[in-house]
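Work through the exercises below with the sequence and the 3D view at hand. Each task is followed by a solution in steps.

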Amino acid sequence: MMKYANFPGCSAETTGKSFTVSTKYVSERIGFELVDIPDWNCCGTSAASLTSPELAIALPARSLAIAERELPGLDVVAACAGCFRSLKTSLAFARESDENLEHVRELIDMPYNAEANVVSLLEAFVSDDVRSSIAEHVTRELRCLKVACYYGCAMVRPAEVCDFDDVEDPRSMDELMELIGAEPVDWAFKTECCGAAQQMAIPKQARPMIERIFENAAANGADCIVTSCPLCMLNLDMREAEINRARIAEGKKPFDIPCYYFTELIGLSFGAEPAEVGIDIHFHPAEMLLLRRELDALEAQEADLAAQAEERRKKAEIAARIAQKKAEKAKKAAESEKEAKR
Amino acid sequence: MRALDLSGISEADIRACKEIATEAGVDLKDCYQCGKCTAGCPLAEGMDLMPREVIRFLQLGALDVVLDAKTPWICAQCAVCSSRCPQNVDICSTMRAVRIAAKRAGKRPVPEADIFDDEFIANVRAHGVSNEQYLAAMYNLKSGHFTQDMGNATRMLKRRMVGVAIHNTKGRAEVAALIDRALGADEGGE
């Protein structure tokens, strides 16, 4: 399927702007269509579920009911992992029983049948249609880029709600990155939590969560982290500088790991300029990495060629010496034969 | 785990702990205290009770210990505990249920976490969507952490990620009514 009802989420035009811009860039090129749900409202995220279970069901259901009415037949896509989980939790509740569905209708005071499915943008992008369309548009393979694919928690947990990929070792984003030529690294923090809103409420306790994610990505040789959620992205990208200041003060090496949305990297592989996909407004500088890695790759190629030439020269030199020795040996043998005949 | 005088625990406490578990969809007897939840918790080092201990104290009916604990308020709701529990105990939803019960009892062991969520919902109630810049400003004001993330706010302004404009959902009155209805239903459901 290539057409969805879109739930933009509250960060779409603000802190998650680059996600929106890069999604639009890629979608337009591959014929992937997103129609915004008219008059959608905030999903409530963990603030709602920590306030009241009823609220956590009701807030997402209103947007889903509007989508059902205004965009019938379309499944709903949410780019943000937090929105995705909230919407899908509400949907799962409504689908559990007729009684639940009736309760949701009463809460939102609207007709609603819980018809449309909810998927994350990442899930929509790993469908066969979208993947083959992406493959057709790649003009600049990101061959030299080692990426740590970071899914975060809300994309996969709780598994019975999210129903997406492996809960401990998801592969979808890794496969997307392979499709555009990048090299995903094996690492242990794919689904580790970024701290979400706790980075604001309890920064002291929550900051180490981010530091460990960077640490593990670096330890496994990643050039960058690829994200699929605007809050994960903000927590990593915006707070990297602060974490680096603390590391320097402790005498540790600072990180130099840019973070990207998977859609930004797909955009780059289509030949986009960094600014066209929102990479120019990252907090940690992210525009140079690909260029630097491409230069590294060219230099490595040159070095490789030089090494090959050197090897050929050495082989030829040895072969020449062998030939020389053989000739000398043959000559001596001929001489001693002559001697013997005499 | 500390020693606990069980003689101070009343029938009402035990009942209240069971109600919290029911609210969370958990059968407390399922937990055999293996500690896998704690092992995987990315915030355990900052908690006063380990996730495993929250379940243990609920089993024991130690209501006050649980309601006074910072742990449920430090929890980021990432659900790695529930996901890895060999007994399918939903520890994550238990944290939510404890938090809601604590708040009803007038307790908020980590005020910042409570202020953040209240401001978040107030923001959504007023506008239908969350306006991050105002949420952050109100949070700083009410929590007393006036300068938190100020540098980042400047960096966001520079990148035109945030501005002064407030975004509103057209049907924000509808959303406000929905929030009131849901919170009312929640009270009624007690």
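A salt bridge is counted here when a side-chain nitrogen of Lys or Arg is within 4 Å of a carboxyl oxygen of Asp or Glu. The model is a predicted one.

**Exercise 1. A pair within a helix**

Task: Apply this cut-off to the side chains of A:Glu28 and A:Lys24, and state how far the two residues are separated in helix α1 of chain A.

Solution.
- Step 1. The N to O distance for A:Glu28 and A:Lys24 is 3.3 Å.
- Step 2. The cut-off is 4 Å, so the side chains of A:Glu28 and A:Lys24 meet in a salt bridge.
- Step 3. A:Glu28 and A:Lys24 are 4 residues apart in helix α1 of chain A, so about one helical turn separates them.
- Step 4. A search of the whole structure finds 35 salt bridges over all chains.

**Exercise 2. The sheet of four strands**

Task: Give the order of the 4 strands in the open sheet of chain A that contains β5, and say which are the edge strands.

Solution.
- Step 1. In chain A the order is β6-β5-β7-β8, and the pairing is parallel.
- Step 2. β6 (183–184) and β8 (259–261) of chain A each pair on one side only, and these are the edge strands.
- Step 3. Take one pairing in detail: β5 of chain A, residues 146–149, pairs with β6(A) over 2 bridges in the parallel sense.
- Step 4. A:Lys146 has A:Glu183 in β6(A) as its bridge partner.

**Exercise 3. Two domains of chain A**

Task: Describe the interface of domain 1 and domain 2 of chain A, beginning with the domain bounds.

Solution.
- Step 1. Domain 1 of chain A covers 3–122 and domain 2 covers 128–295.
- Step 2. Taken over C-alpha atoms, the centres of these two domains of chain A are 24 Å apart.
- Step 3. The contact joins 25 residues of domain 1 of chain A to 33 residues of domain 2 of chain A.
- Step 4. About 2500 Å² is buried between the two domains of chain A, with 75% from carbon and sulfur atoms.
- Step 5. A:Phe19, A:Tyr25 and A:Leu122 supply 28% of the area that domain 1 of chain A buries against domain 2, more than any other three residues.
- Step 6. The rule finds 0 salt bridges across this interface in chain A, while 6 residue pairs are in polar contact between the two domains.
- Step 7. On the side of domain 1 of chain A that touches domain 2, the elements giving two or more residues are α1 (17–30), α4 (81–96) and α6 (121–125) of chain A.
- Step 8. The largest share of that side, 10 residues, comes from α1(A).
- Step 9. Sorted by class, that side of domain 1 of chain A has 12 nonpolar, 9 polar and 4 charged residues.

**Exercise 4. Chain B and its contact with chain A**

Task: How many helices and strands are there in chain B, and what joins chain B to chain A?

Solution.
- Step 1. Chain B has 11 helices and 0 strands.
- Step 2. The domain assignment divides chain B into domain 1 (6–104) and domain 2 (111–182), and their centres are 29 Å apart, taken over C-alpha atoms.
- Step 3. In the contact, chain B takes part with 54 residues and chain A with 57 residues.
- Step 4. The two chains bury about 4800 Å² between them, 62% of it on carbon and sulfur atoms.
- Step 5. B:Arg159, B:Met161 and B:Leu178 lose the most area to chain A in chain B, together 13% of what that side buries.
- Step 6. Across the interface of chain B and chain A there are 4 salt bridges; A:Glu168 forms a salt bridge with B:Arg84, with the closest N and O atoms 2.7 Å apart.
- Step 7. Between chain B and chain A, 24 residue pairs are in polar contact.
- Step 8. Among the elements that give two or more residues to the side of chain B that touches chain A are α7 (91–104) and α11 (172–188) of chain B; α11(B) gives the most, with 9 residues.
- Step 9. The residues of that side of chain B divide into 28 nonpolar, 10 polar and 16 charged.

**Exercise 5. Backbone details in chain A**

Task: Where is A:Pro158 found, and where is the place of A:Asp39?

Solution.
- Step 1. A:Pro158 lies in the loop between β5 and α8 (159–162) of chain A; a cis peptide bond joins A:Arg157 and A:Pro158, with omega about -5°.
- Step 2. A:Asp39 is in the loop between β2 (33–36) and α2 (45–49) of chain A, and has a positive phi of about 55° although it is not a glycine.

How values were computed
Residues numbered from 1 in each chain as written. Chains lettered and ligands numbered in written order. Predicted model: local features only at pLDDT ≥ 70, side-chain atom pairs only at ≥ 80, totals over all residues. Heavy atoms only, no water. Pairing = 2+ DSSP bridges. Domains from an automatic or database assignment. Contact = heavy atoms within 4.5 Å. Buried area = accessible area lost by both parts, 1.4 Å probe. Polar contact = N/O pair within 3.5 Å; in protein donor to acceptor, adjacent residues only side chain to side chain. Nonpolar A, V, L, I, M, F, W, Y, C, P; charged D, E, K, R; others polar.
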